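Biologist: I am new to this structure and would like a close look at a single part of it, the sheet and what surrounds it. Could you take me through that part step by step?

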Amino acid sequence: MAKNEFSCDCNIIHEKAVKEVIQNMPSENTFNHLADLYKLIGDTTRCKILFALDQQEMCVCDLANVLNRTKSSVSHQLAVLRRSGVVKCRKSGKEVYYCLDDDHIEKLFEIGLEHINHKN
């Protein structure tokens with residue numbers, strides 16, 4: 001059987017490194033929230049919405065036009081993103097405009113996109 005070059009072939013525990021990581025390990029709840037965030041933005045339609053909103057604030061009608069989707073389907077996805085704190089909205093008359101909630105979401109999306117574009 002071929003030896004896996006990526007597996008550790010020793011039985012040494014590097015106690016200092018292990019203790020340091022354990023000390024800095026976030027709670028299980030934090031990891032659950034992080035995983036939920038990545039699942040949330042792991043949908044292609046929502047990624048397209050995030051891309052559009054990373055470019056500029058937009059209303060549902062404009063987003064539906066950009067994505068070639070119905071206003072209803074875009075509104076549903078925006079509601080999911082809004083409830084999760086990824087996007088926020090403001091009302092101006094009869095129109096509701098959406099944008100990314102804060103610069104953390106903006107950076108998270110842009111870094112992910114940059115990583116993908118760098119690999120291709």
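Modeller: In this predicted model, three strands form an open sheet in the order β1-β3-β2, and their pairing is antiparallel. Because β1 (58-59) and β2 (87-92) each have a single partner strand, they stand at the edges, and one side of each is left without a neighbour in the sheet. Strand β3, residues 95-100, runs antiparallel to β1 and is joined to β1 by two bridges, and within β3 it is Y97 that stands opposite C59. Helix α5, which covers residues 71-83, packs on the sheet, where it touches β2 and β3, and the direction of the helix makes about 115 degrees with that of β2.

The sheet also takes part in a salt bridge, one of three that a search of the whole structure finds. In this pair R90 meets E57, with their closest N and O atoms 2.8 Å apart. The two residues come from distant parts of the chain, since R90 lies in strand β2 while E57 lies in the loop between α3 (44-55) and β1, and 33 residues separate them. R90 counts as partly exposed, at 40% relative accessibility, and E57 is likewise classed as partly exposed, at 33%. As background to such a contact, side chains of opposite charge can pair when their charged atoms come close.

For a contrast in sequence spacing, consider the salt bridge between the side chains of D103 and K107, at 3.7 Å from N to O. These two residues are four residues apart in helix α6 (residues 103-119), so about one helical turn separates them.

Conventions
Residues numbered from 1 in each chain as written. Predicted model: local features only at pLDDT ≥ 70, side-chain atom pairs only at ≥ 80, totals over all residues. Heavy atoms only, no water. Pairing = 2+ DSSP bridges. Contact = heavy atoms within 4.5 Å. Axes fitted to C-alpha atoms, helices over the stretch in contact; angles between N-to-C directions. Salt bridge = Lys/Arg side-chain N within 4 Å of Asp/Glu carboxyl O. Buried < 20%, exposed > 50% of the residue type's maximum accessible area, 1.4 Å probe, protein only.
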